[in-house]
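Here's a quick walk through a fold, going from the overall build down to the sheet and the core. Have a look at the model first.

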Amino acid sequence: MINIEALVCCPACRADLRMPIDVKERLFCSSDGCIYSQRGFPRLDGRPVLIDFRESILLEGDLLARAGKSFMRRDDMRTDLSTRVRKKLLGRNLTAMRNAESMIAAMKKVTSRPKLLIIGGGAIGSGIEQIYSDPELEILATDIYVSPLTQILADGHQLPFKAKSFEGVWIQAVLEHVLDPKKVVDEIWRVLKQGGVVYADTPFMQQVHEGAYDFTRFTLSGHRWLFRSFEHLDSGAVGGPGTALIWSVQYLVRAVFGSQKLAKVAAYSCFWLRYLDRIGKKQQIEDAACGVFFLGTRSDHTLRPSDIVEYYQRRGAAI
Ligand SMILES: [Zn+2]
């Protein structure tokens with residue numbers, strides 16, 4: 001079990017929280033000058049809500065009124081029939097599975113019992129089951145809603161953790177849902193230990209999902225620049241042009257006929273297109289990928305603007 005008390009801090013001023021943390025009570029900041037030394041942080045279903053709502057897209061009243069539940073239905077444990085059908089027809093996320101393995105190996109180079117922060121960990125990410133089954137990993141999952149997996153409710157723009165707390169941070173299909181991705185990545189850098197590893201995968205060719213909470217897409221180069229304060233271990237496409245085309249068909253049918261159900265049937269009938277995902281030159285697949293990933297380690301050096309042009313050109317030359 002991960003020792004949460006040793007890691008948390010006030011999301012507003014980063015001072016320690018008043019200890020010991022009582023499992024039933026509100027949590028308070030230990031700094032007298034901080035508004036949260038008086039106001040404190042609430043709990044939802046026993047989980048601390050360590051969010052400075054003055055600086056967040058989330059509204060405290062809304063979240064408390066929903067008892068912390070997500071605004072939309074989610075299959076947190078990936079056991080719903082629709083998730084299983086989708087997995088069968090549209091395939092597993094093999095890239096994430098391979099990257100989870102690389103991530104675990106890289107973290108274990110730092111220490112034998114690595115602490116891993118999963119941002120957006122309210123639901124099990126696609127292809128990362130092995131992360132949850134590794135007994136040597138100490139996992140801390142945050143999200144903006146209550147689920148069986150969420151341990152702390154937190155906003156990625158203001159992580160409520162002390163500097164250099166974790167050997168790894170996993171952030172999968174989250175950065176498109178935050179208003180300021182650079183700020184979130186700076187927070188990841190702050191909470192990672194020296195040599196700590198980050199894995200991010202983020203949509204590129206994907207339509208709007210989760211309605212009002214979808215803001216940004218990244219090319220492979222844009223994503224690399226976002227993580228410019230990290231040393232590159234690996235990067236590439238997540239899902240290729242075939243899957244991107246399936247999604248386009250789905251959203252075309254949704255727009256023309258106004259039916260989610262019909263849109264899903266149309267998408268499933270095109271499932272064979274995913275077999276085209278890996279055919280072609282690497283760079284051309286990356287130029288049309290559904291999403292992109294970056295795996296890297298926290299660095300004291302930052303890429304120069306001219307490095308990013310070379311990064312793209314090198315990938316072309318590597319084919
Ligand atoms: Zn404070």
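Let's start with the overall build of this predicted model. A compact globule of 319 residues would have a radius of gyration near 20 Å, and the protein comes in at 20 Å, so the two agree. If you'd rather think in terms of a box, the C-alpha trace spans about 60 × 45 × 35 Å along its principal axes. Buried residues account for 39% of the 319 residues. Take the contacts between residues at least 6 apart in sequence: 71% of those link residues at least 24 apart.

As for secondary structure, you'll find 10 helices and 9 strands.

**The sheet**

How are the strands of the open sheet ordered? Reading across, the order is β5-β4-β3-β6-β7-β9-β8, which makes 7 strands with mixed pairing. The edges are β5 and β8 (230–238), each of which pairs on one side only. Helix α3 (residues 94–110) packs on this sheet and touches β3, β6 (166–172), β7 (192–203), β8 and β9 (291–298). The direction of α3 makes about 170 degrees with that of β7.

Now zoom in on the β5 end of the sheet. Strand β3 (residues 115–119) and strand β4 (residues 138–143) run parallel and are joined by 5 bridges. On its way to the edge, β4 also runs parallel to β5 (residues 152–153), with 2 bridges between them. If you want to trace the pairing residue by residue, here are some of the bridge partners:

| Residue | Bridge partner | Strand of the partner |
|---|---|---|
| K115 | E138 | β4 |
| L116 | I139 | β4 |
| T142 | I152 | β5 |

As background, strands of a sheet pair through backbone hydrogen bonds, either parallel or antiparallel. It also helps to remember that side chains in a regular strand alternate between the two faces of the sheet.

**The core**

Which residues touch the most other members of the largest nonpolar core? That would be V169 and V198, in a core of 73 residues. Leaving aside residues up to four places away in sequence, V198 touches V169, I188, L192, F227, F230 and G296. So the two best-connected core members, V169 and V198, also touch each other, with a C-beta cut-off of 7 Å counting as contact.

Terms used:
Residues numbered from 1 in each chain as written. Predicted model: local features only at pLDDT ≥ 70, side-chain atom pairs only at ≥ 80, totals over all residues. Pairing = 2+ DSSP bridges. Helix = DSSP H or I, 4+ residues; strand = E, 2+ residues; numbered from the N terminus. Core = buried A, V, L, I, M, F, W, Y, C linked by C-beta atoms within 7 Å. Buried ≥ 20, exposed ≤ 12 C-beta atoms within 10 Å, placed from the backbone. Contact = placed C-beta atoms within 7 Å. Axes fitted to C-alpha atoms, helices over the stretch in contact; angles between N-to-C directions. Rg over C-alpha atoms; globule rule 2.2 N^0.38 Å.
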